[in-house]
Amino acid sequence: MAKQVKNDLYFNPRIQVIKVSNEGIIQETNKTFFDWDIKTSIYEAHPFFEILRTFAEEDTGQEELNFPCIHLEDDQSERICDVSFAFATKDITIVLFDYTQKYKDLNKIAQQRNESVLLAKELELKNKFLLEKEEFKNSFIANINHEIRTPLTSILGFVEVLEKTKLTFEQEELARIIKRESLHLNALIDDMIDLSKIESGTLKILEERFSFQELIKGFETSYSKVAKAQQISFETHVEKGIQEYLIGDRTRVYQILNNLLSNAFKFTEEGKISLSITKNYQRTNKVSLTFKIEDTGIGILEENIPYLFERFTRFDLDKRVSGTGLGLAIVKNLVELLNGEIKVDSIPEKGTVFTIKLPFRFELLKSSPTQKKKKYTLPDTKNKFRVLLVEDEEVTQYLIMKILISKGNFYVDVAMNGEEAINHIERRKYDLILMDLTISKIDGYQATRIIRNNYGDKFISEVPIIGISGKADETERDKCIRSGMDDFITKPFEQEEFIYKITKQIAKKATH
Amino acid sequence: MKLSKKVVLLGPFGVGKTSLFRRFVDNEFSEEYKVTLGVQIKKKVVQLPDGRELSMIIWDTEGHSDNVEDTRKSYLLGSHAFIYVFDLTRKETYASLNHDIDYLTKTYPKVVAKVIGNKLDLVNEKEITSQLKEHNIEFDCLTSAKTNKNVQDFFSDLATEITKT
């Protein structure tokens with residue numbers, strides 16, 4: 001049979017015929033592509049042929065076996081073959097059909113098909129990793145924010161207390177530095193939180209009606225003072241015809257303009273700074289405004305402009321002034337979130353112009369009165385007001401007690417946790433509860449729910465509750481209100497704001 | 001006579017059979033994915049605990065798309081062990097695992113069948129172990145061909161086991 005095969009196929013360059021004994025010794029071969037010597041073992045030629053041992057050891061009863069697509073290689077040649085074994089009594093005929101090219105073509109198709117599936121999975125995994133990393137980062141920032149804000153509240157609060165005591169000139173200066181640096185740290189935390197929210201897509205853009213003219217007047221008033229102190233001039237120009245009230249996210253617009261103005265003042269030692277607002281276009285109830293913040297400061301080198309809006313970007317010249325390096329990154333992100341545009345033109349040593357275009361809506365044919373912060377006064381009573389402070393941090397307890405007691409109108413009881421708070425309110429009537437949110441045993445939200453829902457006595461169930469937290473975000477505020485609290489204050493707080501909120505709640509309760 | 005045993009790597013495509021094959025035989029790893037068409041075969045001589053040498057003839061087969069029954073029968077002939085590999089990052093690669101193992105053990109009752117979850121470097125071991133438990137997936141070993149985690153030990157243990165049978 002082998003001779004027959006040899007005669008017929010000897011010249012076919014794609015077929016090699018090998019005759020081996022039952023012991024695997026090559027007896028005959030045409031060496032078409034594998035140069036395997038006669039009288040050597042086929043088992044040594046390639047491990048694939050070791051399969052023949054099995055058939056030699058066990059009588060499988062097979063007469064012929066086919067193995068498609070076998071990768072065979074030796075020192076000289078590499079082929080992909082279909083292999084067939086024909087078993088005779090004393091020997092085995094092996095035929096190798098070389099289909100290398102055909103299999104390589106098929107391989108390309110399979111590669112593309114499988115790769116597309118695997119790539120999709122790889123992308124999904126990468127995405128998952130990135131999301132997990134992002135979530136970790138955000139929760140880390142939120143937690144570290146809380147941890148930092150609590151001691152920072154104490155520092156700022158006590159500095160305010162300290163400033164009201166008799167101090168030497170040097171002590172006053174030191175207190176001023178502590179306050180300035182603490183405020184800087186506070187600003188850095190705010191920036192980090194904002195950037196983290198922007199990047200995680202959790203920063204909500206609000207649509208609220210606000211007095212645009214008042215917003216700009218606010219800048220005019222506050223920055224005129226700064227300009228006077230720096231002995232430079234500051235001007236604002238608002239094009240006539242711009243609506244007094246606009247609909248948009250006032251907080252974010254304020255943040256953008258404040259950031260840019262604050263930067264302009266930082267980098268301008270002489271000359272002037274101006275803020276001008278013009279109408280870009282107006283259609284039905286939509287208006288697009290162009291804001292220009294122009295300064296005669298140190299300017300920005302052309303090669304630095306592409307990196308200006310990147311996080312933690314601070315150029316050599318900046319070292320003269322303080323900053324977090326996050327401000328412009330936040331500005332750019334906020335402008336984009338508000339569907340606006342920002343560009344910068346600058347000439348070193350001449351000055352810089354930031355141009356921002358922002359869209360707003362406005363109400364047609366409506367005018368509204370200016371909303372001013374309502375004034376509240378504590379009810380006129382001979383008795384002092386009793387406040388329950390639920391707080392486990394001793395320093396914060398001390399600070400709040402000091403602030404309230406120094407006012408002369410308050411008694412303060414302290415509960416270390418939610419459980420103690422419940423015990424207190426069952427024993428004594430309170431005019432107000434200040435509830436830290438992260439207290440142990442029962443947290444602030446749960447304690448509030450218990451107070452609101454579990455008591456028939458209105459003195460208990462309707463007591464005003466103000467939440468106190470280091471987390472300054474809308475979600476936290478929302479959680480507080482939903483748990484039944486009346487208001488929320490973020491650490492660190494200003495004493496004036498703190499007292500205002502307490503007064504407001506007690507006054508509202510008295511007129512209820 | 002030299003001791004020689006045939007071991008076949010089986011499982012869906014892209015689970016890392018070739019990576020395990022290359023890691024075990026040549027101690028190499030590549031990030032690049034190259035599809036295996038048909039089968040490639042290599043030999044690795046391992047030392048058994050009793051001092052004998054075993055030639056492990058490893059058959060790295062083309063990954064199947066649906067289930068292991070798609071694998072060409074001739075590739076499985078004369079096997080001493082099957083290593084069924086799945087990808088820890090792709091649930092679909094262990095969706096038919098129990099059915100496949102059932103098929104292999106019933107059709108080839110004398111052949112040792114092992115299950116490996118590969119790409120351990122891409123997942124959290126604790127999490128994936130509990131996920132696999134939830135899906136009733138029993139496995140013999142979790143490996144990473146990339147980092148070589150558990151690869152050599154797995155093959156050494158397998159070599160010992162198949163020389164006992």
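**Helices and sheets in chains A and B**

Hi everyone, let's start in chain B, where β1(B) and strand β4 (residues 81-87) pair in the parallel sense over four bridges. Please keep in mind that this is a predicted model.

Where does that pairing show up residue by residue? Look at Leu10(B), which stands opposite Tyr84(B) in β4(B). Strand β1 of chain B covers residues 3-10, and β1(B) also runs parallel to strand β3 (residues 53-61) of chain B, with seven bridges joining the two. In that pairing, Leu3(B) stands opposite Leu54(B) in β3(B). How many of the eight residues of β1(B) are buried? Six of them are, and the strand is described as mostly covered.

A quick general reminder before we change chains: strands of a sheet pair through backbone hydrogen bonds, and they do so either parallel or antiparallel.

Now over to chain A, and a sheet there. Five strands form an open sheet with parallel pairing, in the order β14-β13-β15-β16-β17. Which strands stand at the edges? They are β14 (410-415) and β17 (487-490) of chain A; each has a single partner strand, so one side of each is left without a neighbour in the sheet. From one strand to the next, the twist averages 20 degrees.

Let's zoom in on the β17 edge. Strand β16 (residues 465-469) of chain A pairs with β17(A) in the parallel sense, over four bridges. If you want a pair of residues to find on screen, Ser469(A) stands opposite Thr490(A) in β17(A).

Helices lie across these strands, too. Helix α9 (residues 394-407) of chain A lies across β13 (385-390), β14 and β15 (432-436) of chain A, and α9 runs at about 165 degrees to β14(A). Helix α11 (residues 444-453) of chain A lies across β13, β15 and β16 of chain A, running at about 150 degrees to β15(A).

My last stop is a pair of helices. In general, two packed helices are described by the angle between their axes and the distance between the axes. Here, helix α4 (residues 100-163) and helix α5 (residues 169-200) of chain A pack at an angle of about 160 degrees, with their axes 9 Å apart. Why do we call α4(A) and α5(A) roughly antiparallel to each other? Angles over 145 degrees count as roughly antiparallel, and the angle here is about 160 degrees, so the two helices fit that description. The contact of α4(A) with α5(A) has 13 nonpolar, six polar and five charged residues. As for handedness, α4(A) passes α5(A) in a left-handed crossing.

Thanks for listening!

How values were computed. Residues numbered from 1 in each chain as written. Chains lettered and ligands numbered in written order. Predicted model: local features only at pLDDT ≥ 70, side-chain atom pairs only at ≥ 80, totals over all residues. Axes fitted to C-alpha atoms, helices over the stretch in contact; angles between N-to-C directions. Parallel < 35°, antiparallel > 145°, perpendicular 65-115°, else oblique. Left-handed = near helix turned anticlockwise from the far one by under 90°. Nonpolar A, V, L, I, M, F, W, Y, C, P; charged D, E, K, R; others polar. Pairing = 2+ DSSP bridges. Contact = placed C-beta atoms within 7 Å. Buried ≥ 20, exposed ≤ 12 C-beta atoms within 10 Å, placed from the backbone.
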